[in-house]
Amino acid sequence: MNNPLVILSGPSGAGKSTLCKKIFEKIDNYYFSISTTTRLPRDGEEDGKDYYFTTKEKFKQSIKDEEFLEWAEVHGNYYGTSKIHINKSLKKNQLTILDIDVQGQENIKRNTKNIVSIFISTSNLSTLRNRLTSRKTDTKEQIDKRLNNATSEIEKIGNYDFFIINDDLDVAFEEFYHIIKSCKNTISPDLDIKVFADNWKK
Ligand code: ADP
Ligand code: 5GP
């Protein structure tokens with residue numbers, strides 16, 4: 001059976017990267033999608049590890065060349081998921097996880113049947129503000145932009161299969177882990193039930 005494509009979204013600072021880092025210590029046979037972005041690298045971020053960092057010109061060329069499964073403008077920068085890596089990992093039946101924004105989720109949901117989507121958030125805006133401030137990776141202007149976007153992102157929760165509130169990291173991780181573990185038990189839309197039932201009877 002095919003694993004679903006797992007999509008994580010949620011406001012910047014909600015803890016998506018933190019939860020992913022923890023889960024990758026506990027699972028194997030997964031692929032975490034590395035997006036391409038025109039955003040500048042933050043301190044400590046590496047090209048090819050955190051993102052593929054590129055220019056607006058090259059990004060626009062990749063759009064023309066239809067290299068992206070989806071792309072969007074987020075917080076004033078372009079971000080996109082390359083088809084090539086996703087197709088490779090799906091072929092290997094790896095659990096494929098994408099950290100993309102709400103627009104990306106909507107685009108993929110329109111064209112892909114086998115997805116599980118998870119929305120991750122804090123329980124309120126002020127916790128998010130504190131997180132982004134203490135993370136110290138963004139300027140005040142960037143933080144304001146991210147908080148502003150968070151309000152409209154929250155309104156998209158209804159498009160998702162699961163919702164995790166990451167206030168207490170241990171609780172959120174436990175919930176995340178259970179969802180990820182159960183992904184391999186979802187029934188793929190590609191499953192030929194007749195063939196399965198015929199084989200099962202033998
Ligand atoms: P995202 O990837 O969603 O933008 P991060 O994983 O970078 O968010 O988390 C934002 C900041 O909040 C980081 O400094 C991280 O260490 C911290 N953080 C994440 N989860 C929690 C939590 N449950 N409680 C307190 N701080 C957290
Ligand atoms: P950051 O700049 O904090 O790394 O990411 C900002 C936002 O861009 C996050 O909401 C993240 O989920 C989203 N994002 C990262 N990669 C992609 C991508 O490939 N496509 C889309 N649509 N959003 C992305």
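# Two ligands and their pocket

A backbone N or O atom of Gly15 comes within 3.0 Å of an oxygen atom of ligand 1, a polar contact (a pair of N or O atoms within 3.5 Å; within protein, one must be able to donate a hydrogen and the other to accept it, and residues adjacent in sequence count only if both atoms are side-chain atoms). On its own, ligand 1 exposes 570 Å², of which the protein buries 73%; accessible areas come from the Shrake-Rupley method with a 1.4 Å probe, and for residues only the protein chains shown count as cover.

This is a predicted model, in which local features need pLDDT of at least 70, side-chain atom pairs count only at pLDDT 80 or more, and totals for chains, interfaces and linings use all residues. Residues are numbered from 1 along each chain as its sequence is written, chains are lettered from A and ligands numbered from 1 in the order in which they are written, and side-chain values use heavy atoms, with hydrogens and water left out.

Here are the polar contacts of both ligands, side by side.

| Residue | Atom in the residue | Distance to a ligand oxygen atom |
|---|---|---|
| Ala14 | backbone N or O | 3.3 Å, ligand 1 |
| Lys16 | backbone N or O | 2.9 Å, ligand 1 |
| Ser35 | side-chain N or O | 2.7 Å, ligand 2 |
| Tyr79 | polar side-chain atom | 2.5 Å, ligand 2 |
| Arg146 | side-chain N or O | 2.7 Å, ligand 2 |

Taken alone, ligand 2 exposes 510 Å², and the protein buries 95% of that.

Let us turn to the shells. Around ligand 1 there are 14 residues, the closest being Gly13, Lys16, Ser17, Thr18 and Asn166; a residue counts as near if one of its heavy atoms lies within 4 Å. By class, this shell holds three nonpolar, six polar and five charged residues. Ala, Val, Leu, Ile, Met, Phe, Trp, Tyr, Cys and Pro count as nonpolar, Asp, Glu, Lys and Arg as charged, and the others, Gly among them, as polar. Helix α1 (16-23) and helix α5 (125-135) each bring at least two residues, with α1 giving the most, three. Helices (H or I, at least four residues) and strands (E, at least two) are DSSP runs numbered from the N terminus.

Ligand 2 has 18 residues around it, and Arg39, Tyr51, Glu70, Tyr79 and Asp99 come nearest. Its shell comprises five nonpolar, six polar and seven charged residues, and strands β5 and β6 each contribute at least two.

Where does ligand 2 sit? Ligand 2 is in the largest pocket, and the space taken by ligand 1 is the largest pocket too. A pocket, on a 1 Å grid over the protein atoms alone, is an open set of points where a 1.4 Å probe fits, with protein on both sides within 12 Å along at least five of seven lines; lining residues have an atom within 4 Å of a point. A molecule sits in one if more than half of its atoms lie within 2 Å of its grid points.

The largest pocket holds about 1,100 Å³ of space. Its lining has 41 residues, with Ser17, Arg42, Glu45, Tyr51 and Asp99 closest to the centre. Among these 41, α1 gives the most, with five residues.

Key. Grid points are joined across faces, edges and corners, and a volume is the space filled by probe spheres set on the points.
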